[in-house]
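Here's a small set of exercises to work through with the model open in your viewer. Try each task before you read its solution.

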Number of protein chains: 2
Amino acid sequence: MKVVLIGSGNVATHLGIALKEAGHQILQVWSKTLLHGKVLADILHSSATDDLTKIDQEGEIYIIAVKDDFISEVAAGLNLKHQILVHTSGTVSLDQLAAHADRCGVFYPLQTFSKNKSIGFLTVPVLVEGNTQEVGEVLFTLAGTISNQACEMSSEERSVLHVAAVFACNFSNHLYALSEKILQDRGIDFNLLKPLIAETAAKIQHYPPADVQTGPAIRNDLLTLARHKELLNNYPDLKDIYEILSNSIMRSK
Amino acid sequence: MKVVLIGSGNVATHLGIALKEAGHQILQVWSKTLLHGKVLADILHSSATDDLTKIDQEGEIYIIAVKDDFISEVAAGLNLKHQILVHTSGTVSLDQLAAHADRCGVFYPLQTFSKNKSIGFLTVPVLVEGNTQEVGEVLFTLAGTISNQACEMSSEERSVLHVAAVFACNFSNHLYALSEKILQDRGIDFNLLKPLIAETAAKIQHYPPADVQTGPAIRNDLLTLARHKELLNNYPDLKDIYEILSNSIMRSK
């Protein structure tokens, strides 16, 4: 398909590369920062603009990959006729695009993207939704060209999935960061934790996470819990997190 | 070395297998539940007992791998002379063994063990500590026979490492479990999150976690944060966790 990318951040970059590699043509990249747009356009053998009024009208699909709060604003500036307009957000409803395009939808790749780390897109679930059956089918087919895990999902279900993803991904990563901070303050090498982090994530590929819970809270090891809280006395924020999560684990038994 | 294993849980099982595979001899397995001891002893071509007074005195090293709260009790029952006595806990101090053996130490494999999932022990950091330099060296050498990541560490540092491991591993796994619960209640397949979980853990093998933080909190995406909290209205406990971790991420910027 002929694709116009609206955005030049992590999602736009990885999605653009995956679409390009699958044989689609990236007509143009829009970014509010022209330099960022040009960097991505170069990678995609495309051109860049920072002016919404100069968006190429020859595209078949316009993919908005900007911060959730700006989706409506950008969509309003696009002035499309019958081309398909989609956003890539896990949380924003399809309705937010309906005022700006006859044919609209959602094209949500469920993955955590970092600019400098390449991704095997084939295993990334892509959740699609169209405002009509026809659009839904086009998006499902497009998703199938870059992923083995294309799947139609309503806005409501997608937002539940997104909350769950925040717990599983964003919060876990933050816990990794907190553990690194605890170690750094004492001059202990964070590398020691890496095999543990890898194994914890590997386990749940095959076992329900609740079944493989380990640690002092699930063992009701009150002595260790008390010692840990004492060790965190200098970190009141971390102590609160330690308590709320340990209590949640104990309740889950 | 000639090893006596005190315990038959996850740590005893994986450690026993790794030691056996490295050519050490497991003389005996003690377990308070004789059947559990026999199951492990069978795997290790060893014998089992549930009677501390019948512990084989021919061992060179006695490895206690029981719940932290029982370490002292079990150590007191052993009645060793000059054999080395170690525990495998991240949190319990070496001092707790000093009253029960002249030569004592800690042999702490930093990994999350589940009974039915095998582990490549070579990459598991094994943190050792001896009450004398001689014991420290014996333990370091023993650790080096099963792991490429043997390292001496004091009780104090080890307990900091253990707290950090609870954040990085136990708490992350619990967040996976919570995300599965959120999805299950709405009939959405938890498998959709598995590539995301794998990538989140894979990323930090190469990047500092704080540098690859994604999600609404780090983007200060207030609209999404508000929507997510609304979606969690029926889960007051999860809403609390969502708030405390999102606030912590926002403060970390």
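**Exercise 1. Place Asn79(A) in its chain, then say whether it is buried or exposed.**

Solution. Start with the location: in this predicted model, Asn79(A) sits in the loop that runs between helix H3 (71–78) and strand S5 (84–87) of chain A. Next, look at the backbone. Its phi is near 60°, a positive value in a residue other than glycine. Last, check the cover: Asn79(A) has a relative accessible area of 62%, so it goes down as exposed, since the cut-off for that class is over 50%.

Now do chain B. Asn79(B) is found in the loop between helix H3 (71–78) and strand S5 (84–87) of chain B. Phi of Asn79(B) is near 60°, again positive and again not in a glycine. With 62% relative accessibility, Asn79(B) counts as exposed.

**Exercise 2. Work out the strand order of the sheet in chain A, and find which strands stand at the edges.**

Solution. Walk across the sheet and you get S3-S2-S1-S4-S5-S6-S7-S8 in chain A, an open sheet of eight strands with mixed pairing. The two ends of that list are your edges: strand S3 (47–49) and strand S8 (150–152) of chain A each have a single partner strand, so one side of each has no neighbour in the sheet. As for twist, neighbouring strands of this sheet are turned by 25° against each other on average, direction ignored.

Zoom in on the S8 edge. Strand S7 (residues 126–130) of chain A is joined to S8(A) by three bridges, and the two run parallel. Within that pairing, Leu127(A) has Cys151(A) of S8(A) opposite.

Then see what packs on the sheet. H2(A) touches strand S1 (2–6), strand S2 (25–30) and S3 of chain A, and its direction makes about 165° with that of S3(A).

**Exercise 3. Repeat the job for chain B, this time looking at the S3 edge.**

Solution. The order in chain B reads S3-S2-S1-S4-S5-S6-S7-S8, an open sheet of eight strands with mixed pairing. Strand S3 (47–49) and strand S8 (150–152) of chain B are at the edges; each has a single partner strand, so one side of each is left free of a sheet neighbour. On average, neighbouring strands here are turned by 25° against each other, direction ignored.

At the S3 end, three bridges connect strand S2 (residues 25–30) of chain B with S3(B), and these strands run parallel. One pair to click on is Gln28(B) with its bridge partner Ser47(B) in S3(B). Helix H2 (residues 34–43) of chain B lies across strand S1 (2–6), S2 and S3 of chain B, at about 165° to S3(B).

**Exercise 4. Which residues make the nonpolar surface patch of about 290 Å²?**

Solution. Pick out Leu35(A), Val39(A) and Ile43(A): together they form the patch. Leu35(A) belongs to helix H2 (residues 34–43) of chain A. Its relative accessibility is 60%, so Leu35(A) counts as exposed.

**Exercise 5. How many salt bridges does the structure hold over all chains, and what do Glu129(A) and Arg158(A) tie together?**

Solution. The total is 16 over all chains. In one of them, the side chains of Glu129(A) and Arg158(A) meet at 2.9 Å, N to O. Glu129(A) is in strand S7 and Arg158(A) in helix H6 (residues 155–185) of chain A, so this pair links parts that are 29 residues apart in sequence. Both Glu129(A) and Arg158(A) are buried.

Move along to Lys181(A) and Asp185(A), whose side chains form a salt bridge at 3.4 Å, N to O. These two are four residues apart in helix H6 of chain A, so about one helical turn separates them. Lys181(A) is partly exposed at 38% relative accessibility, and Asp185(A) is partly exposed at 44%.

In chain B, the side chains of Asp185(B) and Lys181(B) meet in a salt bridge at 3.5 Å, N to O. Both lie in helix H6 (residues 155–185) of chain B, four residues apart, or about one turn of the helix. Asp185(B) is partly exposed with a relative accessible area of 44%; Lys181(B) is partly exposed too, with 39%.

Conventions
Residues numbered from 1 in each chain as written. Chains lettered and ligands numbered in written order. Predicted model: local features only at pLDDT ≥ 70, side-chain atom pairs only at ≥ 80, totals over all residues. Heavy atoms only, no water. Patch = residues over 30% accessible without salt bridge, like charges linked within 9 Å, V, L, I, M, F, W, Y side chains within 5 Å. Areas by Shrake-Rupley, 256 points an atom, 1.4 Å probe, with all protein chains shown as cover. Salt bridge = Lys/Arg side-chain N within 4 Å of Asp/Glu carboxyl O. Buried < 20%, exposed > 50% of the residue type's maximum accessible area, 1.4 Å probe, protein only. Pairing = 2+ DSSP bridges. Axes fitted to C-alpha atoms, helices over the stretch in contact; angles between N-to-C directions. Contact = heavy atoms within 4.5 Å.
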